[in-house]
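Biologist: Please take a close look at the sheet in this model. I would like to know how its strands are ordered and paired, what packs on it, and how that part sits beside the rest of the chain.

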Amino acid sequence: MKGSAMHRLAAVVGRRDAFAALGTALVTLVLLFVLPVLVALAGDTASPHPAEPGWWWLVALFVLQSVTVAAARSFPVVAVLAVAGLPLLAVWLARGDGFGLTSLPVMVTVYLAAVSHPLPRLRAGLTAAVLLFGAGYAANQLLDPAGIGPGPAVAAALLQAVLVVGGPLVIALLVAARRAAREAHREELRALAGERDAIIQAAIATQRTTMARELHDIAAHHLSGLSLMAAAVDLQIDTDPSAARAGVQQIRAQSSLVLDDLRRLVGLLREEDDDEGPATLAAVPELVQQFSTSEHPIELTVRAPDAGMLGADLGPAAHLTGYRMVQESLANTQLHAAGAARSVELDDRGENTVVITVRNGPAEAASPPGRDGFGLRGMHERAELIGAELSYGPVVDGGWQVELTIPRTSAQEAT
């Protein structure tokens, strides 16, 4: 039973409180030992001496006060009242200069209680502590034969009590305010971190929506082109078998291309690792080669200090946008300008921009009916996501041109 009681007491009184109580007891007892020497040097004999019973009563009183200090955090009101009321015993047991040492445990207890609990909870206890300690101090002055008169004694006692209780209270309130400010700052940082995570998640969701739209774009453009090529092959099987065979090979190449693109985007939507090559500006020459045929080659012009380092200072979103712009533009030329001359130009020489231009000549025949404009709208949306400028329209020779200008200081990394 005794052991369990000690464990419960240890659970209530923390290690810091125990150290505070022990430190208060040691400091007070050291001062009690030193006080007679200081009083003797001053030529006074009012202080209790170890040879007197009153001195040992003070030792016991200081030990009790120090034990009360350990309960300041757990039972603040009770501790403050007890530590301020115990000095009343010293008035009858040990009057004189030793009474002033009772203020140290009171100050420590008030500080620990005020720094750990809100002031409204302690207001009544602190007021009572001022009255109790003031009453003890006044009684010590009045019962001392060499003390001052009643009026000055009460005034001095009230001032002493206000200083003993109010001084550590003000310090504790300042410490508590700084602690609250630090906690508010930490909460603000946590809120900002949560907001940043939410923005990142929103950006990821937007990017995934964009990739989902690209699934539609890729499927629509490639399947439209495959349908057109299949119709042409159907007409050439009997009249031009070699051209039909070349058309079948092109359909097969385009089918592989669309499957690769769909597999890559579906993999990104599933948040899986993408083992396919990245869709960058450096991969545009290979893309152009895939759209080229022996009958209708595509002219490619690369203007850059290093063709293998196209757009080296651009972000991945900018590379993907440029790659998709060339891909969709060439798909459009197959659908709407079959047989027309085509050219792709990559200009990476600008100090502030990278310019990509896809141009085709006049169509040899009218384009088949279809849903015009969706691919251009998709390109325009992706350009806006990275802060790029997309322009398109007819040119003087009757053809069509699409131009994408990507700023090197664009917002692609934010997306």
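Modeller: The account below starts with the basis of the values, goes through the sheet and its core, and ends with the helices elsewhere.

This is a predicted model, in which local features need pLDDT of at least 70 and side-chain atom pairs count only at pLDDT 80 or more, while totals for chains, interfaces and linings use all residues. Residues are numbered from 1 along each chain as its sequence is written, and side-chain values use heavy atoms, with hydrogens and water left out.

The protein has 12 helices and 5 strands; helices (H or I, at least four residues) and strands (E, at least two) are DSSP runs, numbered from the N terminus. Of its 415 residues, 39% count as buried, where buried means under 20% relative accessible area, exposed over 50%, and partly exposed in between (1.4 Å probe, protein chains only). Among contacts in the protein with a separation of 6 or more, 74% come from residues 24 or more positions apart; contact means heavy atoms within 4.5 Å.

The sheet is open, has 5 strands in the order 1-2-3-5-4, and shows mixed pairing; two strands pair if DSSP finds at least two bridges between them. Its edges are strand 1 (298-303) and strand 4 (389-394), each of which pairs on one side only. On average, and with direction ignored, neighbouring strands are turned by 10° against each other. Angles here run from 0 to 180 degrees between N-to-C directions, and axes are lines fitted to C-alpha atoms, for helices over the stretch in contact.

Starting at one edge, strand 1 and strand 2 are parallel and share 6 bridges. Within this pair, Val-302 has Leu-346 of strand 2 as its bridge partner. Strand 2 is in turn antiparallel to strand 3, again over 6 bridges, and these two strands form a hairpin with 5 residues between them. One bridge of the pair joins Arg-342 to Asn-360 in strand 3. At the other edge, strand 4 runs antiparallel to strand 5 (residues 400-407), with 6 bridges joining them. Pro-394 stands opposite Trp-400 of strand 5.

Helix 11 (residues 316-336) packs on this sheet and touches strand 1, strand 2 (342-347), strand 3 (353-360), strand 4 and strand 5; the direction of helix 11 makes about 10° with that of strand 3.

Asn-360 lies in strand 3 and counts as buried because its relative accessibility is 9%. Apart from neighbours within four places in sequence, Asn-360 is in contact with Thr-333, Ala-337, Ala-341, Arg-342, Gly-399 and Trp-400.

Next comes the core. The largest nonpolar core has 32 residues, of which Met-325 and Val-326 touch the most other members; such a core is a set of buried Ala, Val, Leu, Ile, Met, Phe, Trp, Tyr and Cys residues joined through side-chain atoms within 4.5 Å. At least two residues each are supplied by helix 10 (284-291), helix 11, strand 2, strand 3, helix 12 (374-385) and strand 5. Helix 11 gives the most, with 8 residues. Not counting residues up to four places away in sequence, Met-325 touches Ile-356, Val-358, Met-379, Leu-390, Val-402, Glu-403 and Leu-404. A second, separate core of 18 residues includes Val-110, Ala-114, Val-130 and Val-165.

Elsewhere, helix 6 (residues 103-116) and helix 7 have axes that come within 12 Å and cross at roughly 175°. Helix 6 and helix 7 are therefore roughly antiparallel; angles under 35 degrees count as roughly parallel, over 145 as roughly antiparallel, 65 to 115 as roughly perpendicular and the rest as oblique. Their contact is made by Ser-103, Val-106, Val-110, Ala-113 and Ala-114 of helix 6 with Leu-122, Leu-126 and Phe-133 of helix 7. It has 7 nonpolar, 1 polar and no charged residues, with Ala, Val, Leu, Ile, Met, Phe, Trp, Tyr, Cys and Pro counted as nonpolar, Asp, Glu, Lys and Arg as charged, and the others, Gly among them, as polar.

Helix 4 (residues 76-85) also packs with helix 7 (residues 119-143), at an angle of about 5° and with the axes 8 Å apart. That makes helix 4 roughly parallel to helix 7. The residues of this contact divide into 11 nonpolar, 2 polar and 1 charged.
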